Amino acid sequence: MKPLPGVIAGQFGRLVRSDHKISPLCLLAGIGVVLCGLTLVTPYAFEAAGDNAFIALSILAGLLTIVATSLAERSPTGRALWLIVGLGIVLRGYVLLFDPLLSSDVYRYVWDGRVQAAGINPYRFMPADESLAFLRDGMVFPHINRADTAVTIYPAVAQFFFLIVTRIGESATTMRLALLGCESVTVILIVVLLRRMDRPVTRVVAYLWHPLPVWEIANNGHVDALMVALMLLGLWIALTGRALRGAVVITLSVLVKPYAAPVLAGIWRPWDVKMPLVVIATVALCYLPYLSVGSGVLGFLTKGYLAEQGISGGNDLWLLSLWRLVFGYHEGDVAAYVALAALVLWFTGLSVARSAHHSIASRLADINMLLLLTLLLLSPNYPWHFLVIMPFVALCGSAPTWAVSIGALLLSEQLDWDFYIPRIVSKSILFGGLFLACAFTAWRARMQRTAVSGASQ
């Protein structure tokens with residue numbers, strides 16, 4: 001009997017030989033068909049088997065997207081782009097048909113827009129407050145999370161967006177369509193930046209077919225889509241020589257979700273005082289319409305969110321959690337961790353700002369690295385908070401970025417299902433994957449330098 005390794009090797013050899021007979025475009029289309037099938041069954045699998053079925057199917061889709069990106073780079077650009085964009089639209093159109101599976105945040109967006117349209121500051125009252133009883137309905141209000149415990153948490157620019165969109169239509173579907181419009185801006189900017197870097201524009205498949213934006217934007221409707229679009233627009237403006245204008249737009253993205261803040265380090269130059277002043281002025285102007293509530297403009301962020309998410313207590317800060325598992329709890333360890341994390345981010349951001357590399361590719365790679373470090377240190381609890389790195393999956397395509405973007409899907413958990421994976425386990429897989437990917441990238445770079453050095457001798 002032939003040894004099993006020989007059988008596997010033979011089958012692999014036949015697969016490789018057959019690959020030469022099938023064009024990359026056909027293989028790419030085949031991957032697309034499989035992704036369609038996975039997406040088609042995911043809502044029903046979630047309903048039948050819960051969040052773990054969703055996680056398994058979406059992670060498989062993410063791994064297939066890696067293969068699709070490799071194939072797309074070797075496919076004819078024109079036809080491949082039609083396929084990539086067409087399937088990206090189909091996937092989003094399909095998941096849009098379903099009510100949000102894993103989050104009810106989009107209903108709060110609609111509510112905040114409705115409250116503002118009534119002339120009321122959205123930071124003033126909780127949704128369940130009797131002062132807002134006249135705004136309640138049967139379509140939006142029953143789905144609002146924390147309706148009787150929290151005022152809104154969303155910053156000023158997000159509130160502007162909610163108001164504008166709800167003047168078109170006060171429904172979750174209208175809000176999600178508007179966020180898909182933001183996503184189309186992101187896709188266009190990814191293609192523009194890929195062209196500027198002389199990289200295959202078909203790499204946009206890494207974003208368009210990736211399950212994270214498909215589910216977290218088209219289905220769950222997270223406002224992070226607006227943050228990413230503004231962040232990338234500001235980056236493009238800054239990288240084309242208009243740094244101050246770019247800083248304004250990036251600041252607007254920070255006032256949607258603050259995870260984009262580290263991007264400012266990628267366009268700032270040390271001792272340039274104009275950019276910090278521009279950032280401060282932009283923040284002040286955006287919050288001006290809401291200052292009638294004073295410090296209440298910070299909303300739920302400082303009134304329970306940090307404690308709820310295990311940040312103020314340190315329970316869900318991954319690195320601190322690991323430290324506590326080994327060395328136990330110590331008084332003041334959260335403050336020490338926050339101070340140390342702030343110093344690490346400050347010096348890393350300063351290093352990025354002082355970098356002598358001025359090419360677009362190197363700047364984007366530095367910003368990508370800084371965002372990954374930020375996510376590692378802050379350890380968000382929800383997958384949509386990782387949308388901030390999604391453009392860099394296509395633009396940079398580094399192993400760490402792939403690992404984090406796919407690993408984030410492990411956080412798509414609902415506590416009411418029987419088989420629950422502890423969050424520290426999910427985060428250990430996620431960020432452990434990040435460290436392994438970084439080690440692999442460093443090893444591969446060293447091997448390449450060794451090979452080049454050997455060839456030159």
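Start by selecting helix 16 (360–378) and helix 19 (423–456), each of which supplies at least two residues of the lining of the second largest pocket. Helices here are DSSP runs of H or I with at least four residues, numbered from the N terminus. Before going on, note that this is a predicted model, in which local features need pLDDT of at least 70 and side-chain atom pairs count only at pLDDT 80 or more, while totals for chains, interfaces and linings use all residues. Residues are numbered from 1 along each chain as its sequence is written, and side-chain values use heavy atoms, with hydrogens and water left out.

**Stop one: the pocket**

Keep helix 16 on screen, as the largest share of this lining, eight residues, comes from there. To find the centre of the second largest pocket, pick Ala365, Asn368, Met369, Leu372 and Ser398, which lie nearest to it among the 17 lining residues. The space inside is about 350 Å³. A pocket is found on a 1 Å grid over the protein atoms alone, as an open set of points with protein on both sides within 12 Å along at least five of seven lines; a cavity is a set where a 1.4 Å probe fits but cannot get out, and lining residues have an atom within 4 Å of a point. Grid points are joined across faces, edges and corners, and a volume is the space filled by probe spheres set on the points. Now colour by class: the pocket lining has 14 nonpolar, two polar and one charged residues. For that colouring, Ala, Val, Leu, Ile, Met, Phe, Trp, Tyr, Cys and Pro count as nonpolar, Asp, Glu, Lys and Arg as charged, and the others, Gly among them, as polar.

**Stop two: the cavities**

Next, look for enclosed space: the structure holds two cavities of 30 Å³ or more. Select helix 2 (24–49), helix 3 (51–73) and helix 9 (211–219), each giving at least two residues to the lining of the largest cavity. Helix 2 gives the most, with four residues. The largest cavity contains about 60 Å³ of space, and its lining includes Leu35, Thr39, Ser58 and Trp209. The lining divides into nine nonpolar, three polar and no charged residues.

For the second largest cavity, about 40 Å³ in volume, try Arg108, Asp112, Phe125 and Thr152, which are among its lining residues. Here the classes are seven nonpolar, two polar and two charged.

**Stop three: Ile31 and the core**

Return to helix 2 and click Ile31. Is Ile31 buried or exposed? Ile31 counts as buried, at 12% relative accessibility; buried means under 20% relative accessible area, exposed over 50%, and partly exposed in between (1.4 Å probe, protein chains only). Not counting residues up to four places away in sequence, Ile31 touches Leu64, Val67, Ala68, Leu71 and Trp209, where contact means heavy atoms within 4.5 Å.

Trp209 is a good residue to keep selected: along with Val223, Trp209 touches the most other members of the largest nonpolar core, which has 139 residues. Helix 10 (residues 224–239) provides the largest share of this core, 12 residues. A nonpolar core is a set of buried Ala, Val, Leu, Ile, Met, Phe, Trp, Tyr and Cys residues joined through side-chain atoms within 4.5 Å. In soluble globular proteins, nonpolar side chains tend to be buried together.

Show the surroundings of Val223: leaving aside neighbours within four places in sequence, its contacts include Tyr109, Phe161, Leu179 and Lys257.

**Stop four: salt bridges**

Lys257 leads to the next selection, a salt bridge with Asp224 whose closest N and O atoms are 2.8 Å apart. This pair links distant parts of the chain, with Asp224 in helix 10 and Lys257 in the loop between helix 11 (243–254) and helix 12, 33 residues apart. Asp224 is buried, at 0% relative accessible area, and Lys257 is buried too, at 9%. A salt bridge is a side-chain nitrogen of Lys or Arg within 4 Å of a carboxyl oxygen of Asp or Glu, and by this rule there are nine.

Then select Asp333 and Arg324, whose side chains meet at 2.8 Å, N to O; both are buried. Finally, pick Arg114, Asp137, Arg167 and Glu170, which a network of salt bridges links. Within that group, Arg167 and Glu170 have their closest N and O atoms 2.8 Å apart. Arg167 is partly exposed at 45%, and Glu170 is partly exposed at 33%.
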